[in-house]
Amino acid sequence: MTTRILLIEDTEDLGENIRDVLRMEGFNVVWARNGKIGLDTYHEITPDLIVTDIIMPLMNGLEVVREVRAFEKQTGVSPIPIIILSAKATPEDHAEGLAAGANIYLKKPCSIDNLMNAVRSLIAN
Amino acid sequence: MSQPQPTVLILEDNPGDFFLVKEFLKRTSLPAYEIHHTERVADAIKLLQEQEFHLILMDLFLPDSEGIQTFMKIYPLAKQAPVIVLTGLVDEEVTLGTLQQGAQDYLIKGEYDEKLLEKTIRYSVERKHNQELIMRSEEVSRKKLEALVQERTRELEEAIKKEKLLVDLKNQFVAIASHEFRTPLSTIRFAAEYLHDYLEKIDEAEIRSKLKKIEKQVTHMTALLEDVIMAGRTDLKKILVVKSKIELRNLVDKIIEDVQNSTRNTHQIELNYNVNSKEIDTDEKLFRNIFINLLTNAIKYSPGKESVLLNIKEETGLLIITVTDQGIGISEEDQVKLFEAFQRGTNAASIAGTGLGLSIVKKAVELLKGSIRLQSGLNEGTTVEVRLPVATTENKPA
């Protein structure tokens, strides 16, 4: 069964690039272009993993992560791995991302290797 | 204007000597002095504390004080009055001491007449007067110097303040650059690595598409850098304004198209156009800059809304441009600093941006001799109004 990844990224060209990389690596990718659509898509498709940006209009990535974790706790479904990929690059940003409930925090610009290592380490578990 | 009668204080305990000096004084052609006489230093001190004299003639050996001490008790109270010492032949050393301490001159008892007395008094008064003038001019110089020092200190403080502002600007730039450069860099890195890692698996069209993305992001980052440089310029006079005749309607339509493309057509830009002049005389680059920044802001800060309004009308030589959105708005506190570089609304954290747009718009508007106003309320949207002269006077660089 192909692993399904929900990608939440509002920057058009970057989202396209990340989607293409993940597809090339054999994943099934659903791309949401802002946090609000991302959260709706999460409920719709129950993905195996989420890769999300933080700075997005309408709903930011941290809010998405918190909403997902709250929903999992409420309904008792097992938590899914979440990777944050953000331009917010300070140690404080990193800590805030993990505190919100992300498993891995990657800062932009990361390499394809960095991203794939993160994805594979979380899928393997 | 009649001068008041001059006053002289004579300290002399010997009646004969006092009589002589009084008589000689009368015989001079000096103005008639009003004479005050004491025999004791204590009485003289009392008089000096009560009134000012124009001249003091004093013996040094009195019943309650002797020698240079006598002079030292009187001189500090003499103020503007010249002091002339009346001395005996034997007191030469003491007499010279008084001259060093500030006495104007001395007369040796038994050896002076009315002529010498007159000359001595005249010279003493003159010298004392000159000393006063010098002291006063020194006072003036000192005050001038103080003012100069204060001025210089203020200049230095201002320079330090400016320097601090530049450091702040630099720090803010570093913080913003971290945000705003990371996203395009990310796009470039993924695209480049994609080409490298999967070259055998992709076709030419995809290669071209990724290369195109790299080019686009480089252009984007360059524009970002240009913005930073423009925002960092404090001396607007050095910016060259290059004016030409512009077909306004064509330019506006082109700008609208560009902005809608760059913002992925999320909003409709509704144009209300009411301008009679076909052409306007302006700097196209600055003019575009104003429109693009205002329209992009309106769209960026009203996520989820469908349209923004662009109103352009002409009124008595003025082009009045208003851009209205129904977006997140700007609080009153944030509005105060909004036209400064790197300042962003506190409610804008989840929307990417440098905080440079409005500072650049303001500079462009100033260069075109126009004005800008902003009206906004939190969650009520924002209206920015720019007024530009249709035909402005030449703006030559300094």
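A residue is called buried under 20% relative accessible area, exposed over 50%, and partly exposed in between. By that yardstick B:Val149, at 48% relative accessibility, counts as partly exposed. Welcome to a quick tour of chain B in this predicted model, where an open sheet of 5 strands is accompanied by helix α5, which lies across β3, β4 and β5.

**The sheet**
- Its strands follow the order β2-β1-β3-β4-β5 in chain B, and the pairing is parallel.
- The edges are formed by β2 (34-38) and β5 (105-108) of chain B, each of which pairs on one side only.
- On average, neighbouring strands are turned by 20° against each other, with direction ignored.

**Strand β1 and its partner**
- Strand β1 (residues 7-11) of chain B is largely enclosed by the rest of the structure, because 5 of its 5 residues are buried.
- Both of its faces are covered: B:Thr7, B:Leu9 and B:Leu11 are buried on one side, and B:Val8 and B:Ile10 on the other.
- β1(B) and β2(B) run parallel and are joined by 5 bridges.
- Across this pairing, B:Leu11 stands opposite B:Thr38 in β2(B).

**Strands β4 and β5**
- Strand β4 (residues 83-87) of chain B pairs with β5(B) in the parallel sense over 4 bridges.
- Here B:Val85 has B:Tyr106 of β5(B) opposite.

**Helix α5**
- Helix α5 (residues 114-198) of chain B runs at about 165° to β5(B).
- B:Val149 belongs to this helix.
- Together with B:Leu145 and B:Leu148, B:Val149 makes a nonpolar surface patch of about 310 Å².

Terms used
Residues numbered from 1 in each chain as written. Chains lettered and ligands numbered in written order. Predicted model: local features only at pLDDT ≥ 70, side-chain atom pairs only at ≥ 80, totals over all residues. Heavy atoms only, no water. Pairing = 2+ DSSP bridges. Helix = DSSP H or I, 4+ residues; strand = E, 2+ residues; numbered from the N terminus. Axes fitted to C-alpha atoms, helices over the stretch in contact; angles between N-to-C directions. Contact = heavy atoms within 4.5 Å. Patch = residues over 30% accessible without salt bridge, like charges linked within 9 Å, V, L, I, M, F, W, Y side chains within 5 Å. Areas by Shrake-Rupley, 256 points an atom, 1.4 Å probe, with all protein chains shown as cover. Salt bridge = Lys/Arg side-chain N within 4 Å of Asp/Glu carboxyl O. Buried < 20%, exposed > 50% of the residue type's maximum accessible area, 1.4 Å probe, protein only.
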